[in-house]
Amino acid sequence: MRKNIVAGNWKMNMDLEKGLLIFNEIQQLIKEEVKGNQEVIICPPYIHLSSLSQLVDSGTNLSIGAQNCHQADSGAFTGEVSASIIASTGASYVIIGHSERRLYFSESNSLLAQKLDSVLENGMAPIFCIGETLEQRNNETYFEVIKEQITEASFHLQATDYSKLILAYEPVWAIGTGLTASPEQAQEIHSFIRNLLADKYDQDLANNMTILYGGSCNPKNASELFAKSDIDGGLIGGASLKARDFVDIIKALN
Ligand code: PEP
């Protein structure tokens, strides 16, 4: 059965004190809200992973994720963090291919393929991000761009591995800009992605895949987006930094 998920990407925000505070607030506020096949994921900076993992109450549908990882398992890569180190903190998810990584750190589809492998080999689930730029939206190449991102980075995976992935459609023009994709625009792409998966793997895998929307999602627009049949929740940046806003987005899953 398809999971409904709201994941918060704190990016390079929150010192440890603030992070612990907001995490505890969120955990309290969602106690009665998150049920069944719903899950909340918080992705703090690397150095908070262990502290937050230890605070997760057993029996809650709350998990911790990292925002990136290095593709190698260990070695002389000063300043980098591998998937195996992330797994050892108790985290269970890793965001891979966020547009800020693609843009500022030149991460290519072939590098992302290696990162997806590493996350899966270490028993965690990747939250794999895809999405087009404004230029690609305007020149109407966005279907090809998304197809290429998915195909080149992830279609080497076997179905059993693929079924562990979470996909996040994040139009680059909507991230941090206040310009949300309309529910119809997002639904069009989510349905396109699901069809790609059905063609490559099978209809069951496609039906069970969780596909999140990300890009200026907030408490006002979340319900309309999540109501679309192929939108299974959100990857939230700015609005995940305020406990109340984040929890209001989580409530929109219901
Ligand atoms: C993101 O960075 O993944 C994101 C969706 O950011 P925002 O919600 O701030 O647009």
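This passage goes through the pockets, the aromatic contacts and a few loop residues of a predicted model.

Pockets come first. The largest pocket holds about 490 Å³ of space, and its lining takes in 16 residues. Lys11, Met12, Gln67, Arg101 and Phe105 are the ones that lie nearest its centre. Among the elements of the fold, helix α4, residues 99-104, gives the most to this lining, namely three residues. Sorted by class, the lining of the largest pocket comes out as seven nonpolar, five polar and four charged residues.

The second largest pocket comes in at about 290 Å³. It is lined by 17 residues, and the closest to its centre are Ser99, Glu100, Leu103, Thr133 and Val172. Three elements each give two or more residues to this lining: α4, β5 (125-130) and α7 (142-154). Helix α4 turns up here again, with the largest share of the lining at five residues. As for chemistry, the lining of the second largest pocket splits into seven nonpolar, seven polar and three charged residues. Helix α4 thus has the top contribution to the lining of the largest pocket and also to that of the second largest pocket.

On to the rings. Searching the whole structure turns up six aromatic pairs. One aromatic cluster is made up of Tyr142, Phe143 and Phe192. Tyr142 also has a charge over its ring: the charged end of Arg137 sits 3.8 Å from the ring centre. A second arrangement of this kind involves two residues from around the centre of the largest pocket, with Arg101 lying over the face of Phe105 at 3.9 Å from the ring centre.

The loop that follows α4 is worth a look too. Ser106 sits in the loop between α4 and α5, and so does Glu107, with α5 spanning 109-121. What sets them apart is accessibility. Ser106 counts as exposed because its relative accessibility is 61%, over the 50% cut-off. Glu107, on the other hand, counts as buried because its relative accessibility is just 7%, under the 20% cut-off. Leaving out residues up to four places away in sequence, Glu107 touches Asn68, Arg101, Arg102, Leu112 and Lys115. Arg101 therefore shows up both as a contact of Glu107 and as the residue over the face of Phe105. Ile85 is another matter: 22 residues from Glu107 along the chain, its C-alpha atom is separated from that of Glu107 by 21 Å.Backbone angles add a further detail. Ser106 has a positive phi of about 50 degrees although it is not a glycine. Lys11, also not a glycine, has a positive phi too, near 50 degrees. Lys11 belongs to the loop between β1 (4-9) and α1 (16-30), and is partly exposed, with a relative accessible area of 21%. Lys11 is also one of the residues that lie nearest the centre of the largest pocket.

Lastly, Asp57 is found in the loop between α2 (49-55) and β3 (62-66). With a relative accessible area of 31%, Asp57 is partly exposed. Not counting residues up to four places away in sequence, Asp57 touches Gln27 and Lys31. From C-alpha to C-alpha, Asp57 and Gln28 are 9.9 Å apart in space, with their positions 29 residues apart in sequence.

How values were computed. Residues are numbered from 1 along each chain as its sequence is written. This is a predicted model: local features need pLDDT of at least 70, side-chain atom pairs count only at pLDDT 80 or more; totals for chains, interfaces and linings use all residues. Side-chain values use heavy atoms; hydrogens and water are left out. On a 1 Å grid over the protein atoms alone, a cavity is a set of points where a 1.4 Å probe fits but cannot get out, and a pocket is an open set with protein on both sides within 12 Å along at least five of seven lines; lining residues have an atom within 4 Å of a point. Grid points are joined across faces, edges and corners, and a volume is the space filled by probe spheres set on the points. Helices (H or I, at least four residues) and strands (E, at least two) are DSSP runs, numbered from the N terminus. Ala, Val, Leu, Ile, Met, Phe, Trp, Tyr, Cys and Pro count as nonpolar, Asp, Glu, Lys and Arg as charged, and the others, Gly among them, as polar. Rings of Phe, Tyr and Trp (its six-membered ring) pair if their centres lie within 6.5 Å; planes under 30 degrees apart count as stacked, over 60 as edge-to-face and the rest as tilted. A charge sits over a ring if NZ of Lys or CZ of Arg is within 6 Å of the ring centre and within 35 degrees of the ring normal. Buried means under 20% relative accessible area, exposed over 50%, partly exposed in between (1.4 Å probe, protein chains only). Contact means heavy atoms within 4.5 Å.
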